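Subject: Structure handover

Hello,

Here is the structure we talked about handing over. Please look through the sequence and coordinates first, then read on.

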Amino acid sequence: MLISDAVHIWRDAQGDYHLEWDASEPETQVTVELLSSPIELRERYRADHATTASFTGLPSSNTHYFRLHDQHGNEFVATERKLGMQGTPNFRDFGGYRTAQGRRVKWGFLYRSGQLSRLTEQDVSLLASLQLDLICDFRRVEEQQGDPSRLPAVETPKVLSLPITPGSNANFFEQAGGDFGGRQAMFDFMVDINSDFALAQTDTYKRMFAEILEVTDARFLVHCAAGKDRTGFAAAMVLAALGVDREVILRDYLMTARYFSPDSELDRIRQKYQMDLPSEAILPMLEVHEDYLCAALSAIDSRYPTIESYLAEELGVGAAELTELRGRYLQ
């Protein structure tokens, strides 16, 4: 059987579309249909006993939709999750997921990414086509100033500066004095700062929700430098507020590993933090591990009876706000 929340659709830098999916049974037969709109069929692709499909030559200026269905009658429509941004490869739509109540998060409203300072002209045009209302930037002030975002010149979205510097961050680098104790020390540090997002950065994430709710049906982007940890917790809380199961939230978080290359960022991190360390000691800062987000979720679990109570008490998302968000972003 086709697992709908385990389908990944992305556009590469050449504009070609690629689809991958998981199935609960090895004999699952999947048919992929290319649509020119969510309901109009253009082309059919049969993928018996396969888990991938590709489409080339599609207009890059358009949004393309795909309908997948298996021989058991399971069917759903999806669009690209990872957009073909050359300057920020981890830019993706985090809609499309099914909620615990059986509804589905809308495509084309919720986006997440890394930094926007290296966008190409083509990237900026693609960004403009998304018609974003709000961009939440979680980078530290010096990151925002040192690597300013490239944004569309016309109908520029509102940019909300929400700098996050976990409380343990500065002390860790100061006390370490350039000697971080190897890979395990960096891994433990990343676990700690993810807990810090949930416990010490609540005012920042509360502002994020308040700004999203301020604009009717806001199309928004949440991002930091890599689009991994600060952004990952933001996306996790949005999906949790919409009623998406934790297993699916973790799957979305781990998807960064598909699109973000830690090795390619080593030189940038060395320069940024003045590190003279072997790569193995730095890589946990750039990698994606389930333990990182789980540390934040466990911190919430240990102090609140439900995620809804945490959202209400700490992030200002109570019953009325949940109803509003779900009314906007679920279908």
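Below is what was found in the structure, covering helix packing, salt bridges and a few single residues.

Please keep in mind that this is a predicted model.

Helix packing

Two packed helices are described by the angle between their axes and the distance between the axes. Two pairs are described here.

In one pair, helix α4 (residues 183–200) packs with helix α10 (residues 279–286), at an angle of about 15° and with the axes 7 Å apart. Angles under 35 degrees count as roughly parallel, so α4 and α10 are roughly parallel to each other. Their crossing is right-handed. On the α4 side, the contact is made by Arg183, Met186, Phe187, Phe189 and Met190. On the α10 side, Glu280, Ala281, Ile282, Leu283, Pro284 and Met285 take part. Sorted by class, the contact of α4 with α10 has nine nonpolar residues, two charged residues and no polar ones.

The other pair is α5 with α13. Helix α5 covers residues 202–214, and helix α13 covers residues 319–329. The axes of α5 and α13 come within 11 Å and cross at roughly 55°, which makes α5 oblique to α13. The crossing of these two helices is left-handed. Phe209, Ile212 and Leu213 of α5 make the contact with Glu321, Glu324, Leu325, Arg328 and Tyr329 of α13. By class, the contact of α5 with α13 has five nonpolar and three charged residues, and no polar ones.

Salt bridges

Side chains of opposite charge can pair when their charged atoms come close. With a cut-off of 4 Å between the side-chain nitrogen and the carboxyl oxygen, the count comes to 20 salt bridges. Three of them are set out here.

Glutamate 324 and arginine 328 also appear in the contact of α5 with α13. Their side chains meet in a salt bridge, at 2.8 Å from N to O. The two residues are four apart in helix α13 and are therefore separated by about one helical turn. How buried or exposed are the partners? Glutamate 324 has 36% relative accessibility and so counts as partly exposed, while arginine 328, at 4%, counts as buried.

Salt bridges that share partners also join Arg140, Glu142, Glu143 and Arg230 into one network. Within that network, glutamate 143 and arginine 140 form a salt bridge with an N to O distance of 3.6 Å. Glutamate 143 counts as buried, because its relative accessibility is 7%. Arginine 140 is buried too, with a relative accessible area of 12%. For both, the cut-off that applies is under 20%.

Glutamate 20 forms a salt bridge with arginine 258, and the closest N and O atoms are 2.7 Å apart. This pair links distant parts of the chain, 238 residues apart. Glutamate 20 is in strand β2 (residues 17–23), and arginine 258 is in helix α8 (residues 256–259). At 27% relative accessibility, glutamate 20 counts as partly exposed. Arginine 258 is also partly exposed, with a relative accessible area of 41%.

Single residues

Threonine 202 lies in helix α5. Its relative accessibility is 10%, so threonine 202 counts as buried. What is threonine 202 in contact with, leaving aside its neighbours within four places in sequence? The residues are Phe197, Tyr310, Glu314 and Leu315.

Two residues are listed for their backbone angles. Glutamine 131 has a positive phi of about 55°, although it is not a glycine. Glutamine 131 is found in the loop between α1 (121–129) and β10 (134–137). With a relative accessible area of 54%, glutamine 131 is exposed.

Aspartate 217 also has a positive phi in a residue other than glycine, with a value near 50°. Aspartate 217 sits in the loop between α5 and β12 (220–223). Its relative accessible area is 39%, so aspartate 217 is partly exposed.

Regards

Notes
Residues numbered from 1 in each chain as written. Predicted model: local features only at pLDDT ≥ 70, side-chain atom pairs only at ≥ 80, totals over all residues. Heavy atoms only, no water. Axes fitted to C-alpha atoms, helices over the stretch in contact; angles between N-to-C directions. Parallel < 35°, antiparallel > 145°, perpendicular 65-115°, else oblique. Left-handed = near helix turned anticlockwise from the far one by under 90°. Contact = heavy atoms within 4.5 Å. Nonpolar A, V, L, I, M, F, W, Y, C, P; charged D, E, K, R; others polar. Buried < 20%, exposed > 50% of the residue type's maximum accessible area, 1.4 Å probe, protein only.
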